[in-house]
Number of protein chains: 2
Amino acid sequence: MDIIISNSSGEPIYEQIVSQVKAQIMSGELAEGDALPSMRALAQSLRISVITTKRAYEELERDGFIESFTGKGSFVKRQNRELLREEYLRQTEALITQVCDKARTGGVTLEELHELLDIIYNSEAQD
Amino acid sequence: MDIIISNSSGEPIYEQIVSQVKAQIMSGELAEGDALPSMRALAQSLRISVITTKRAYEELERDGFIESFTGKGSFVKRQNRELLREEYLRQTEALITQVCDKARTGGVTLEELHELLDIIYNSEAQD
DNA sequence: ATAGTGTATATACTCGATATACACATTATA
DNA sequence: TATAATGTGTATATCGAGTATATACACTAT
């Protein structure tokens, strides 16, 4: 499982883990029943504390994405992929709202936003 | 000067003050030489500590938007409005990048993004 | 037994927000 | 004109929430 931690983003480490696991579930890289790396193994490879990986896994478990068993490990639960997609859609809408607020205040027009959207959407690194 | 504090946003109070003052400079509500409310007056009207308003004013002063004089007050400095607009443009682009990342992961298409942008841009409260 | 899992407790550090006391400028008024 | 009173910005020490941690504990499989 590939997880990349950025120290400069300001986003908590455990949240970065959570969102990247969700993204991999969304993309199908992680499917139902798949074993996640053990908390210790992940902590070691990211050079962080076990407690931080545990916190990430706890949040994923609380939200119904994975299940953990003492002595055995952590595993991906059966997913309602459509539910996840809706979550992403909500988050996307929230971000677009921020974009519009910022743009209006700064005198950026709707047309400019559409242009920027095309440019940025197509210029980003693909998987 | 109208400043509105939201406790639910998660954004620090002093940052909310900073961004709203910048927005008012951008819109022309605050012009060169205008006096800002005193740190105490603003603190009292927002029911927050003087130290928090001071912190906001410090950041505005550090970034060259206002000037403070002990015993006299705080005043709007001469502005390069074009510089401010560019700052907003940069922030807008950064937000759009986040939008595209989130959208891609969630399987939201570019066409859907354009539609959402039109809807949200036009549905937001106008000044 | 041993080595692999997840779990729980107590601790340190950062950052937003604060109360309180201090220093300077203007204004009222004696 | 002198000076007390009020209004301005400033500085120090402290609290609380949230992130990340070291260490020790409990369970499972081999």
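## How the two chains hold DNA strand C

In this predicted model, an N or O atom in the side chain of Thr52(B) sits 2.6 Å from a phosphate oxygen of DNA strand C. Helix H2 (39–46), helix H3 (50–62) and strand E2 (73–76) of chain A, plus helix H1 (13–27) and helix H3 (50–62) of chain B, are the elements that each put two or more residues into the surface near that strand. H3(B) gives the largest share, 3 residues.

Backbone atoms get in on the act as well: Met39(A) and Ile13(B) each bring a backbone N or O atom to a phosphate oxygen of DNA strand C. Here are the phosphate contacts together:

| Residue | Protein atom | Distance to a phosphate oxygen of DNA strand C |
|---|---|---|
| Thr52(B) | side-chain N or O | 2.6 Å |
| Met39(A) | backbone N or O | 3.0 Å |
| Ile13(B) | backbone N or O | 3.0 Å |

Zooming out, 23 residues surround DNA strand C, and the ones that come nearest are Met39(A), Arg40(A), Ile51(B), Thr52(B) and Arg55(B). On the DNA side, 64% of the strand C atoms that come within 4 Å of the protein belong to sugar and phosphate. Sorted by class, the protein surface here is a mix of 8 nonpolar, 9 polar and 6 charged residues.

Now for the two protein chains. Turn chain A by 180 degrees, shift it 0.1 Å along the axis, and it lies on chain B with an RMSD of 0.2 Å. So what you're looking at is the relation of a two-fold axis. Both copies use the same surface, with 100% of the contact residues of chain A recurring in chain B.

Terms used: Residues numbered from 1 in each chain as written. Chains lettered and ligands numbered in written order. Predicted model: local features only at pLDDT ≥ 70, side-chain atom pairs only at ≥ 80, totals over all residues. Heavy atoms only, no water. Near = heavy atom within 4 Å. Polar contact = N/O pair within 3.5 Å; in protein donor to acceptor, adjacent residues only side chain to side chain. Helix = DSSP H or I, 4+ residues; strand = E, 2+ residues; numbered from the N terminus. Nonpolar A, V, L, I, M, F, W, Y, C, P; charged D, E, K, R; others polar. Least-squares fit on C-alpha atoms with pLDDT ≥ 70 in both. Contact = heavy atoms within 4.5 Å.
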